[in-house]
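Subject: Structure handover

Hello,

Here is the structure for you to take over. Please open it alongside this message; my notes follow below it.

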Amino acid sequence: MSVPSTHFPSQSLGEILLGWFRRMARRLPWRETKDPYAIWVSEIMLQQTRVEAVIPYFERFLQRFPTPAALATAPEEEVLTVWSGLGYYSRARNLQRAARMVVERGGFPQTYEEILALPGVGEYTAAAVASIAFGLPYAVLDGNVMRVMSRITCDFGDIGSLATRNRLRDAAQRCLPPGEAGSTNQALMELGATLCLPRNPRCLLCPVAAQCRARAEGVQDELPTKLRRTDTVAVETTLLQIERDRQILLRQRPSGGRMAGFWEIPEAAELPQAEPIEEVHRFRHSIMNRAYRCTVLHAVNPEPMDPAPAGYSWVDRSRLPDLPLSTMTRKALRLK
Ligand code: SF4
C-alpha cells in the first residue's frame, strides 16, 4: 500500500519545531559541543542504541580518546574494550579506521560528500554531522524522523521502500530554515524520541499538532507503514561457565570473521565432554533477526584442561573488565 502525500510541510513548521526544541531539548553531552569529532562519535554510537545507554559510553570514549589522533593510534583491543557492551562492534573498528583517515588528511572533512566517504558513515550520519557540526543544509532521516514526517504528511507508503524514504527526506528538507539545519534536524529527532512515539503519540503536547495531517484525520496510530520482511528466528543455546580458582575458560574469536578478537564463554556444543553441574541463570538476547534464549550452566571438564584446549584460554576474572567481551558473554557472566 502506498499513498503518496500531497501535504507538504514548510520552513514555518521548522521554525515552530526550532522554538520548541530550544525550550524543551534534553541536555545531552554531544549537544554541548561543536567539535565534529565528538558529534561524529555520538552519531555512530546512537546508531541502533538508545540515548540513555549511549551517554556513559560516549563520555568514557571521549575521555579515553579525546581526538581523532588519540583514537587512530590506540591499540584496537583497547578501542573494543571501551566499546564493549554497546554491540555492533564493526562500528568501533570503522571509527578507528576513519580516525586514521582523518589524521592522514590533516583534519576532519567539512563537506557532506567527504564525510560520507569515511568508513562506517552512511547518508544519515553524514547529514547529521554535516548539519550539526558545520551547519550544512542536509536533512537527516532516521527512524524517528521517518515516523514524524510520515505522520505530518500522512504518508502511508512503506518506510522500507526507497521511494517513500526519498519523499520523507524531501519533506524533512523543506522544513529546514536557512542556517538552522543542525538544530532543526535535532528538533525533528527529539520530537520523535519524546512525543511522536511509535505507540500512543502525545499529540496534545505536540508543537506541530495543528500542522499534522495524520492527527487531523485521526490516523496517527496507523503510521508509519512498515511491511514485514523477515521473521524472527528463535534459537536456543547453552553456554558453559567453566572455572578453576579465579580463572574462567574463554575463547577469542578468530581474526577476519564477525566480531574478530572478542572473547566469549564456550557453547555446550563446542565442549561435548564437559559435565554440567547446575544451572546458573537464563536470559534472552537478540542479534539481528535472531532471538536467543540462553541457558548458562556451571560445568566441569572430566580431564584437567591444562593447558587450555586449542583456541581457548584460562583468563583471570580480574582481567575481564579490560577485555572486549561479546554482549552475550557479558550477560552470561552478569557483568555490567
Ligand atoms: S500531532 Fe501527534 S502524530 Fe502529529 S507529529 Fe505531533 S505527536 Fe506526531
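How much area do domain 1 and domain 2 bury between them, and what share of it is on carbon and sulfur atoms? The figure is about 810 Å², with 53% of it on carbon and sulfur atoms. Please keep in mind that this is a predicted model.

Domains

Domain 1 covers residues 11-222 and domain 2 covers residues 233-332. Between their C-alpha centres there are 35 Å. The contact involves nine residues on the side of domain 1 and 15 on the side of domain 2. Within domain 1, the residues that lose the most area to domain 2 are Glu77, Thr81 and Tyr89, which together account for 48% of what that side buries.

Helix H11 and its partners

Helix H11 (residues 181-194) is a good place to begin, since two of the helix pairs below involve it.

With helix H1 (residues 11-24), the axes come within 9 Å and cross at roughly 70°. An angle from 65 to 115 degrees counts as roughly perpendicular, and H1 is therefore roughly perpendicular to H11. On the H1 side the contact is made by Gly14, Leu17, Leu18, Trp20, Phe21 and Met24. H11 contributes Ser183, Thr184, Gln186, Ala187, Leu188, Glu190, Leu191 and Thr194. By class, the contact of H1 with H11 has eight nonpolar residues, five polar ones and one charged.

The other partner is helix H8 (residues 123-134), whose axis comes within 7 Å of that of H11, at a crossing angle of roughly 130°. This angle makes H8 oblique to H11. The crossing of H8 and H11 is left-handed. Tyr124, Ala127, Ser131 and Ile132 of H8 meet Ala181, Gly182, Asn185, Gln186 and Met189 of H11. The contact of H8 with H11 has five nonpolar and four polar residues, and no charged ones. Gln186 of H11 appears in the contact with H8 and also in the contact with H1.

Helices H2 and H6

Helix H2 (residues 36-46) packs with helix H6 (residues 90-105) at an angle of about 160°, and their axes are 10 Å apart. Angles over 145 degrees count as roughly antiparallel, which is why H2 is described as roughly antiparallel to H6. The crossing of H2 and H6 is right-handed. Trp40, Val41, Ile44 and Met45 of H2 make the contact with Arg91, Leu95, Ala98 and Ala99 of H6. Seven of the residues in the contact of H2 with H6 are nonpolar, none is polar and one is charged.

Backbone details

Which peptide bonds should you look at? The bond from Leu223 to Pro224 is cis, with omega near 0°. Pro224 lies in the loop between helix H12 (213-217) and strand S1 (233-244). The bond from Asp306 to Pro307 is also cis, with omega near 5°. Pro307 is placed in the loop between strand S5 (290-300) and strand S6 (312-316).

Cys154 is in the loop that joins helix H9 (143-152) and helix H10 (162-174). The phi angle of Cys154 is near 55°, a positive value in a residue other than glycine.

Regards

Notes: Residues numbered from 1 in each chain as written. Predicted model: local features only at pLDDT ≥ 70, side-chain atom pairs only at ≥ 80, totals over all residues. Heavy atoms only, no water. Axes fitted to C-alpha atoms, helices over the stretch in contact; angles between N-to-C directions. Helix = DSSP H or I, 4+ residues; strand = E, 2+ residues; numbered from the N terminus. Parallel < 35°, antiparallel > 145°, perpendicular 65-115°, else oblique. Left-handed = near helix turned anticlockwise from the far one by under 90°. Contact = heavy atoms within 4.5 Å. Nonpolar A, V, L, I, M, F, W, Y, C, P; charged D, E, K, R; others polar. Domains from an automatic or database assignment. Buried area = accessible area lost by both parts, 1.4 Å probe.
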